Amino acid sequence: MSVGMAAPRSIYACDPERSRGRLFAEPPSKTRSPFRRDCDRVIHSTAFRRLKHKTQVFVFHEGDHYRTRLTHSLEVAQIARALARQLGLDEDLTETLALAHDLGHPPFGHAGERALDACLQAHGGFDHNAQTLRVVTSLEHRYPEFDGLNLTWEALEGIVKHNGPLTGRNGAALGRYGDRGIPSGISDYMATYDLELWSFASLEAQVAAIADDIAYDAHDIDDGLRADLFTVDDLKAMPLTAGMIAEIARHYPDLDDVRRGAELVRELISYLIGAVVTEARRRLDIARPTSVEDVRNLGDVLITFPPEVAQAEAGIKAFLKGRMYRHPRVMRVMGEAEQILFDLFERYQQSPGDLPAEWSSRDGGEHESETGRIRRIGNFIAGMTDRFAITEHQRLFDSTPDLR
């Protein structure tokens, strides 16, 4: 089948008509499938709107043309839908997971995550994946009969497990959770709604995860070029992008650097999507799953890059880490951003009256545990946009870094 053609619905796709349902039962929609309804709820959530002023790499006021968490999420969704269409998966569920994957990110990108993790270290730390689950299950307050968005089991599963199982069947934490254990935001929720942390997630979730990789590889290159952190010719250091740059030069010998960079980004996205589709079809032909349950129980990921492309993609990440994420300019701004969150956290701890009324303890704190109090402050800060965090710091402190 041509990569440009949509595949018929696959037998191993998630079927909205066979969803495991929602924690709180609701009448079905007359016009939307359960997964389309999930997607619409994410789009209309407060947390999703806040992404427009949350850092991807550059703080929002450094320029109007850099990615934010919102534009990044939209680009992930576009790539994810393209992959789902080729593989015959449910596009609505795939889009839900792509749009929701960063809802738990705090202000200032990974710098904000590091700061909050340090602040919450004695109370379970901070994990943006666990925070996303908190957002969609408790922190959104939009509906009369429940907290959160009451998403389907399949959506919650995909949010939590898009990068693979979190535990073995014996319950032991795996991977990056092996040392510290499953974050409380996830482990506590399992007592309410079992998301089967030991199994793989659906192909829709796997597609959303790899679409995230493709999006930030390509678009961080675009943003890095715009910020003059490196040039198009610097990208010749990697064989994959070097070959693409040579092809662009052959077709367009007089192209200016801005258009060269844009063409490179397009070529890279198309190439990586095609590579994922080819490898997924190869693995599916071998595994021959006949249901989404087969996918969950297979014991291996099915949506991934071919080995040689995975190596090339790792090279792109290494380049971006050295030339962009660890660039002195970026590191200086992110260091100052971390300090803003450290300051805010300490201030709210010492002066809880500085918190907005809706974030104050409802009973005055008499029956709230220390962990509950600290986590409440963490949830408030995690929901901030870059802009609001800066404004709050200016309100509470005499001097605030410019972050430029």
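**How the terms apply to this chain**

Me: How much area does the chain expose, and what share of it do carbon and sulfur atoms supply?
Reply: The exposed area is about 18,400 Å², and carbon and sulfur atoms supply 50% of it. Such areas come from the Shrake-Rupley method with a 1.4 Å probe, and for residues only the protein chains shown count as cover. Please keep in mind that this is a predicted model, in which local features need pLDDT of at least 70, side-chain atom pairs count only at pLDDT 80 or more, and totals for chains, interfaces and linings use all residues. Residues are numbered from 1 along each chain as its sequence is written, while side-chain values use heavy atoms, with hydrogens and water left out.

Me: How many helices and strands does the chain have?
Reply: It has 16 helices and zero strands. Both are DSSP runs numbered from the N terminus: H or I over at least four residues for a helix, E over at least two for a strand.

Me: Why does the radius of gyration agree with that of a compact globule?
Reply: The rule, taken over C-alpha atoms, is 2.2 Å times the number of residues to the power 0.38. For 404 residues a compact globule would come near 22 Å, and the chain has 22 Å, so the two agree.

Me: How do you know that the length of α14 fits a helix?
Reply: The expected span is 1.5 Å times one less than the number of residues. The 23 residues of α14 (residues 328–350) should therefore span 33 Å, and the end C-alpha atoms are 33 Å apart, which agrees.

Me: Which residues of α14 are buried, and what covers them?
Reply: Among them are Val330, Met334, Leu341, Phe345 and Tyr348, along with the charged-type names Glu338 and Asp343. The cover includes α5 (109–119), α13 (307–325), α15 (370–382) and α16 (386–396), judged by contact (heavy atoms within 4.5 Å).

Me: Why is Phe108 called buried?
Reply: Buried means under 20% relative accessible area, exposed over 50%, and partly exposed in between, with a 1.4 Å probe and protein chains only. Phe108 has 0%, so it counts as buried. Phe108 sits in the loop between α4 (91–100) and α5, and its phi is near 65°, a positive value in a residue other than glycine.

Me: What makes Asn150 buried?
Reply: Its relative accessibility is 6%, so Asn150 falls on the buried side. Asn150 lies in the loop between α6 (128–139) and α7 (153–161), with a positive phi near 50°.
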